[in-house]
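Biologist: Before we discuss the fold, please show me the model, and let us take each term in turn.

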Amino acid sequence: MDADRGAAARASSRARGAGEGSRALEGRTIVVTRAAAQAQRFTQLLEAAGARVIEAPAIVIAPPASWELLDAALSALSTFTWLVFTSVNGVSMVDRRLSALGLTWSNLAGQRVAAIGPATADALREHGVGVDIVPAEYRAEGLVERLRGLLGERDRVLLPRAAQTRDVLVTSLRALGVDVEEVPAYTTRRAEGNSTRLGEALAAATVDAVTFTSSSTARNFAEMFSEAERLAWRGRVAVASIGPITAATAAEYGLATDIMPAEYTIPALARAIVDWFARIPKRPERRGRRSD
């Protein structure tokens with residue numbers, strides 16, 4: 001899911017200057033499960049509101065098993081009429097392979113480009129790529145609706161994205177009669193080494209909220225623990241999900257979402273967490289709790 005960089009800065013500014021509400025997360029401990037390379041901005045927003053953040057990545061972003069399909073598609077860019085990007089990770093990996101192939105982003109000059117959300121669009125613009133479409137709802141269904149009527153049977157779409165991703169986008173676009181070439185640009189796998197530390201914090205009741213920014217973070221986090229362990233702390237730890245797809249995945253593991261923003265971005269999720277805890281009385285300081 002996307003994080004609007006401009007919105008991030010505005011949210012951080014509001015968190016610092018909103019008077020009493022500016023430290024609404026003071027004394028709260030929030031777990032961030034994003035991949036380590038992506039966690040910084042989210043952490044900064046939460047810390048600006050006073051939170052103690054535990055970064056416990058549930059996923060690792062890695063190259064696909066083979067670059068062959070992506071490289072072949074990038075070497076044949078002129079055969080596509082549209083490129084559709086569904087994450088900043090996809091943009092980063094395409095940039096990596098363009099360089100490896102001796103190509104540049106200028107090779108996209110003849111194609112139209114769609115991005116699933118504002119952060120993905122910003123990442124493309126940083127490479128000088130004009131973005132034609134960003135949907136109002138930052139998920140596959142919103143992107144399909146935005147593209148409906150713009151695509152025809154003569155169009156050919158390149159979709160570089162994570163391997164083993166939800167197939168709604170591909171299925172829906174093909175239902176419009178569009179030729180879609182889906183290629184793996186990266187994979188997500190479970191991060192190792194966080195379960196012991198995190199389990200101890202959850203068991204000791206020193207965590208106030210756990211955040212999920214994608215279905216893979218929710219799934220991999222949940223699978224670190226047994227059902228009994230999840231049930232043991234469920235009533236006292238808030239679950240914050242970036243959007244309904246992520247919330248649905250968390251619910252499969254008995255983790256009902258308490259906090260979800262109307263806009264599916266990282267800054268909006270941070271604001272929703274601040275708003276949630278601003279309405280909840282702080283619990284007494286717990287013995288042995290660190291005061292970072």
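Modeller: This is a predicted model. A good starting point is Trp105, which touches Phe85, Val91, Val94, Asp95, Leu98, Leu124, His127 and Val129, leaving aside residues up to four places away in sequence.

Biologist: What makes these residues ones that Trp105 touches?

Modeller: Contact requires heavy atoms within 4.5 Å. Phe85 and Leu124 are among the residues that Trp105 touches, and therefore each has a heavy atom within 4.5 Å of one in Trp105.

Biologist: Why is the set that includes Trp105 called a nonpolar core?

Modeller: Members must be buried residues of nonpolar kinds, joined through side-chain atoms within 4.5 Å, and buried means under 20% relative accessible area. The largest such core has 26 residues, of which Phe85, Trp105, Leu124 and Leu158 touch the most other members. Among the elements giving two or more residues to this core are α3 (68–74), β4 (82–85) and α5 (118–125). The greatest contribution, four residues, comes from α4. Apart from this core lies another, of 23 residues, including Leu45, Val53, Ile242 and Ala272.

Biologist: How do you know which strands stand at the edges of the five-stranded open sheet?

Modeller: The order is β3-β7-β6-β4-β5, with mixed pairing. β3 (59–62) and β5 each have a single partner strand, so one side of each lacks a neighbour in the sheet. On average, neighbouring strands are turned by 25 degrees against each other, direction ignored.

Biologist: What makes β4 and β6 a pair?

Modeller: Pairing needs at least two bridges. β4 and β6 have two bridges, in the parallel sense, and therefore they qualify. Trp82 stands opposite Val157 in β6.

Notes
Residues are numbered from 1 along each chain as its sequence is written. This is a predicted model: local features need pLDDT of at least 70, side-chain atom pairs count only at pLDDT 80 or more; totals for chains, interfaces and linings use all residues. Side-chain values use heavy atoms; hydrogens and water are left out. Buried means under 20% relative accessible area, exposed over 50%, partly exposed in between (1.4 Å probe, protein chains only). Axes are lines fitted to C-alpha atoms, for helices over the stretch in contact, and angles run from 0 to 180 degrees between N-to-C directions.
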